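Visitor: Could you take me through this model one feature at a time, giving the general idea before the particular case?

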Amino acid sequence: MKKALVIVVGAAVLLLVFMFVAGEQPPGQPEASGGGRQLDLSGFDPARVSGLELSGVRRATLQRDGSGWTVADPGSPESRFLADEAMVKGALESLTRVAGAKFVTGEAGRLNEFWLDDARGLKVRILQEGRPPLELVLGKDGAPNGGTYVRKAANADVFEHPTLLGWLWRRRVMDWRDARLVRGRPGTSRSWCFESGTKRR
């Protein structure tokens, strides 16, 4: 009888310990899935971002310029335009909402299925002050969790990011531009002016 009681008490203690440990996962951190694989973006800080380099299905280069942002086509870096600051901020902050990201597969042969291959993936290189660049590939929207398939550029691990990223990131240069204002080309007047549909000369 005593032996059975000891076994029951021991099992109860183990259960309590397990529940305590499970409840200690820090809020906002991605849940472990797929054998513990996580979409770890803990080194990413939007406040430290100084530039963005987009390539693949969309090409654009964005740079922090003082308190604002400018955008240019990589093929014509000398022609920079004022970017929509709120748009850039929204895109960066969307990446931080990774809690609940789910691991899908680590098979490189399936990347095309999720639009994470060279043909359809959007490559995002994020430059950060005092930290190494973060390189991601954003893929197909419509993951089962309502978000977007994503992976780090360094490997083939595919995750379901819980945020719908496509409409925030898959933009052309003209889509990143501020719809109201444009800055003169570098080396000319720094004054602000209303956009009239064409680049100011």
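Guide: Let us begin with charged pairs, for which one cut-off is needed: a salt bridge is counted when a side-chain nitrogen of Lys or Arg lies within 4 Å of a carboxyl oxygen of Asp or Glu. Please keep in mind throughout that this is a predicted model. By this rule the count comes to nine salt bridges, and one of them joins Glu-53 to Arg-125, whose closest N and O atoms are 3.5 Å apart.

Visitor: Which parts does the pair of Glu-53 and Arg-125 tie together?

Guide: Glu-53 belongs to strand β1 and Arg-125 to strand β6, so the pair ties together parts that are 72 residues apart in sequence. Arg-125 also forms a salt bridge with Glu-135, with the closest N and O atoms 3.2 Å apart; here the link runs from strand β6 to Glu-135 in strand β7, ten residues apart. Glu-53, Arg-125 and Glu-135 are thus linked in a network of salt bridges.

Visitor: How should I read the accessibility of Glu-53, Arg-125 and Glu-135?

Guide: The cut-offs are that under 20% relative accessible area is buried, over 50% is exposed, and values in between are partly exposed. Glu-53 is partly exposed because its relative accessible area is 33%, Arg-125 is partly exposed at 29%, and Glu-135 is partly exposed at 38%. The salt bridge between the side chains of Arg-172 and Asp-175, at 3.0 Å from N to O, can be read in this way too: Arg-172 is partly exposed with a relative accessible area of 43%, and Asp-175 is partly exposed at 27%.

Visitor: In which order do the strands of the sheet lie?

Guide: To read a sheet, one follows the pairing from strand to strand. Nine strands form an open sheet in the order β4-β3-β2-β1-β6-β7-β8-β9-β5, with antiparallel pairing, and the edge strands, β4 (81-82) and β5 (102-105), each pair on one side only.

Visitor: How many bridges join β6 to β7, and how many join β7 to β8?

Guide: Strand β6, residues 122-128, pairs with strand β7, residues 131-141, over six bridges in the antiparallel sense, and Arg-125 stands opposite Glu-135 of β7, the residue with which Arg-125 also forms a salt bridge. These two strands form a hairpin with two residues between them, and Gly-130 in the turn has a positive phi of about 75°. Strand β7 is in turn joined by four bridges to the antiparallel strand β8, residues 148-152, where Val-150 is the bridge partner of Leu-138 and Arg-151 stands opposite Val-137. The hairpin of β7 and β8 has six residues between the strands, and Gly-142 in its turn has a positive phi of about 95°.

Visitor: What tends to happen to nonpolar side chains, and which residues have the most contacts inside the largest core?

Guide: In soluble globular proteins, nonpolar side chains tend to be buried together. The largest nonpolar core of this model has 33 residues, and those with the most contacts inside it are Leu-52, Leu-62, Trp-169 and Trp-176. At least two residues of this core come from each of β1 (49-56), β2 (60-65), β3 (68-72), α2 (85-96), β6, β7, α3 (166-169) and α4 (173-176), with α2 giving the most, five residues. Helix α2 lies across β1, β2, β3, β6, β7 and β9 (158-161), and runs at about 90° to β3. As for Leu-62, its contacts beyond four places in sequence include Leu-52, Leu-54, Trp-69, Val-71, Val-88 and Trp-176.

Visitor: Which residues are among those of the other core?

Guide: Apart from the core that holds Leu-62 lies another, of eight residues, among them Leu-111, Phe-114, Leu-116 and Tyr-149.

Visitor: Is Tyr-149 buried or exposed, and which residues is it in contact with?

Guide: Tyr-149, which lies in strand β8, is buried, because its relative accessible area is 10%. Leaving aside neighbours within four places in sequence, the residues in contact with Tyr-149 include Val-104, Phe-114, Leu-116, Val-137, Leu-138, Val-158 and Phe-159. Separation along the chain and separation in space are best read side by side: Tyr-149 and Trp-115 are 34 residues apart in sequence, while their C-alpha atoms are 7.9 Å apart in space.

Terms used. Residues numbered from 1 in each chain as written. Predicted model: local features only at pLDDT ≥ 70, side-chain atom pairs only at ≥ 80, totals over all residues. Heavy atoms only, no water. Pairing = 2+ DSSP bridges. Buried < 20%, exposed > 50% of the residue type's maximum accessible area, 1.4 Å probe, protein only. Contact = heavy atoms within 4.5 Å. Core = buried A, V, L, I, M, F, W, Y, C linked by side-chain atoms within 4.5 Å. Axes fitted to C-alpha atoms, helices over the stretch in contact; angles between N-to-C directions.
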